[in-house]
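Biologist: Before we go any further, could you take me through the backbone of this model, pausing wherever the geometry departs from the usual?

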Protein chains: 2
Amino acid sequence: MYKIYVLLIALFITSEGFSQTNHERDSLTIRSIYDMALLNGKSYDWLDYLSNEIGGRLSGTLNAEKAVKYTQAELEKLGLDKVWLQPVMVPKWTRGFPEYAYIETGPGKTFITDVCALGGSVATPDLGIKAGVIEVQGVEDLAKYGKEQIEGKIVFFNRPMQADLINTFQAYGGCVDQRYAGAMEAAKYGAVGIIVRSMNLRQDDLPHTGTMSYGDTPVNQRIPACAISTNGADLLSNTLKLLPTLQFYFKQNCKVYPDVQSYNVIGEITGTTYPDKYMVVGGHLDSWDLGDGSHDDGAGCVQSMEVLRLFKEINYKPKHSIRVVLFMNEENGLRGGKKYAEEARQKKEKHVFALESDSGGFSPRGFSFDIDDANFAQVKSWESLFKPYLIHYFEKGGSGADIGPLKESGMVLAGLRPDSQRYFDYHHAANDTFDAVNKRELELGGATMASLVYLFDTYGMANGIPSVKK
Amino acid sequence: MYKIYVLLIALFITSEGFSQTNHERDSLTIRSIYDMALLNGKSYDWLDYLSNEIGGRLSGTLNAEKAVKYTQAELEKLGLDKVWLQPVMVPKWTRGFPEYAYIETGPGKTFITDVCALGGSVATPDLGIKAGVIEVQGVEDLAKYGKEQIEGKIVFFNRPMQADLINTFQAYGGCVDQRYAGAMEAAKYGAVGIIVRSMNLRQDDLPHTGTMSYGDTPVNQRIPACAISTNGADLLSNTLKLLPTLQFYFKQNCKVYPDVQSYNVIGEITGTTYPDKYMVVGGHLDSWDLGDGSHDDGAGCVQSMEVLRLFKEINYKPKHSIRVVLFMNEENGLRGGKKYAEEARQKKEKHVFALESDSGGFSPRGFSFDIDDANFAQVKSWESLFKPYLIHYFEKGGSGADIGPLKESGMVLAGLRPDSQRYFDYHHAANDTFDAVNKRELELGGATMASLVYLFDTYGMANGIPSVKK
């Protein structure tokens, strides 16, 4: 009995001593990551170039290709073990200019409103479309009004984002079906076009674009779809109440071209112990065309690049192979994310962890995890390490669109979760520009990502996926 | 033994049942507070008026008096039990225009730089001051250089804010002695003026003002003090390294007038159970003169007003008397805060809790508490109620300047702690304007304050201060 007692105490002391040492080492490493990011960060300069020297990076455009070349060149300067481009064919949809709209309340009485084509929409006829408007609060309202009230009209989807939801992404999720599926559903009832209230929690004059789908609607039955600003939506809705017979006019010039060659940009620090076990950090290099794509998702790209740069700068040599992947075509196709996952499976590359930053470059609050219980418990044990940096959000939930296709049983997917309150003020709109990103907030996000990757790399996966030394 | 066991179980069930009910009631009340703030908030409109219709509200100015009248009138619309003005004499310092500066590197070779007078500074002579410059990294450097190197020169305090500190207020605290005491200390060594690097973590062209003191320096030995933008500071520092003999010129036109009459604006909901126990929420109504004072501290004022409005809207009748106090003259005198505390003592008003919002209108993260252990334990027991709103920061620390003078043994003082990363981009500078405040973030701050006040009002003080029914 005495022996067991002594043994237990010895074990306790040893394990406590060990874990104390680990905790101190982890604290110091994480402190050095944040210090490097805040005192000698590179992400803000990279974003400056992507946003101000290149600009919006819609898939298939010259700007998107410039961004591929620029980020490849910058990764090559970091002294990584490998940098390469992964070819992927991407769709090429163009907005065309000018696009415009007005409300007509009588002969010659018109009010210009701010609209933009939804991504993937067809053009209007050359002369535009003019028709009466029926306002609905969502796709589910269409059946209520039926063909008799909808046919020949423009359907106006006006359900706003719910302002009382604290997580603005949840508010977005509660509305975005109008944008994504509104046109294909309204066409079934004979609508000639649709207008969607912008997914924006703020009242302003900026229309917000975003992807939409016609599903299997035959090409000759596809109707044009535009977004209207929140102020415009309120004006239209109020005017409709006063004058249900008003006419709405809009004109857009979208075109779809054949797919074009593009690339995911990939850099790797090869693991010292488990070179064939991969951990990915990434964002998407493409953006919408109205702004510079600084928050969506230039921020996520430069933060992901920064993770690998920080490791090099603090001379941390990861055990696993750490890859930064700048995915192409998240916005209107997800071709890059699918391609990366497809090739990883073909090559039997074992991915154990992936982290995406695609929620804006705002102050980081934590992470959302697509994760099993064992790994989640491990993450929870790291919470105190993040407390000095005010990182407090560690919850189960979604991760990121681009890394989703990588998902395999037992793998951990994570998404950086910055403060979300301002995100939809800028999302997919003309004001998603560099000046809306704060340097410190961006840098804190990159450091927070690097710290999580460091911990997963150091402790491996907790769910029995073997990180076996070869 | 059996009886004790039964008794214990009964107690357990009862207390659990009771606390479960309380938790549910509190959850629902707090949800209703946030819903009201986000769906039907008033703080943003109030701030719009204060910022855009009135503007900067330096103590002693017409704008400050307009703000007193406006907020009094708005509080009167809320149906509070009492609204009144508390007279307080405030200093009147004016900047005077124009103010300007340049670096001279040779005859006729000058570079204009961006400066502003520090609050409380004397004017330069009519023709301005031109002198050589000695750069120091802080007040403590003065003794090192001594009178022989400083006399007749302008001292340039250039210690920057530490970018690796996560709490930017800590970084501010580490620099602000240069601004506050730089002139009085440099004058002792015969300096003819001082330049202070702006307390800004960002590189830009905006000088940031703020209060300074001459201590007991005789009037005829007071030297003018200005702030230079961070870009200007770097230009000056770099140019000094190349040309230590450069001359710096600046001109400012500050004046001090006799004290003028002003007011704290106060509104009260009288408590149902403890009408003579007071809980205060507040911010300061005055601001610096360069911007609109939207973050500092228009935000705190309208959030504090919102706390009382929310209680009225959700029909919550507090047990304690809840006061909103909009303090005058925090920035350059703290006369309002001192006056309120002084009168409270004279009238023997028992204050048990005070909460200030004076850290900007950004996304709220939690509170800092000047608090005893019993009340802190109580606060910690409320943490889960705040989790749905991502409010996670509950730490001991400072509260707010205006409520500081109220401090008495056993009383709880608290400060709202919003995300601090962007705060010093705007603090005391020309860009502290309405457009820099996000509606949702402002509203979340007000709701978070109201929720804390609700909890303290409901549960009372945990430290034995009797909230005795009269």
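Biologist: In which loop of chain A does Pro98(A) lie, and what is the omega of the cis peptide bond that joins Phe97(A) and Pro98(A)?

Modeller: In this predicted model, Pro98(A) sits in the loop that runs between β1 (82-94) and β2 (100-106) of chain A. Most peptide bonds are trans. The bond joining Phe97(A) to Pro98(A), however, is cis, with an omega of about -10 degrees.

Biologist: Which residue of chain B is joined to Phe97(B) by a cis peptide bond, and where is that residue placed?

Modeller: The cis bond has an omega of about -10 degrees and links Phe97(B) with Pro98(B). As for its place, Pro98(B) belongs to the loop of chain B between β1 (82-94) and β2 (100-106).

Biologist: Is Leu334(A), a residue with a positive phi, buried or exposed?

Modeller: Most residues other than glycine have a negative phi. Leu334(A), which is not a glycine, nevertheless has a positive phi of about 60 degrees, and its place is the loop between β12 (320-327) and α9 (335-346) of chain A. Because its relative accessibility is 18% and the cut-off for burial is under 20%, Leu334(A) counts as buried.

Biologist: And Asn315(B), is this residue buried or exposed?

Modeller: Asn315(B) is found in the loop between α8 (294-313) and β12 (320-327) of chain B, and its phi is positive, near 60 degrees, although the residue is other than glycine. Since a residue is called exposed when its relative accessible area is over 50%, and that of Asn315(B) is 54%, Asn315(B) is exposed.

Definitions and conventions
Residues numbered from 1 in each chain as written. Chains lettered and ligands numbered in written order. Predicted model: local features only at pLDDT ≥ 70, side-chain atom pairs only at ≥ 80, totals over all residues. Heavy atoms only, no water. Helix = DSSP H or I, 4+ residues; strand = E, 2+ residues; numbered from the N terminus. Buried < 20%, exposed > 50% of the residue type's maximum accessible area, 1.4 Å probe, protein only.
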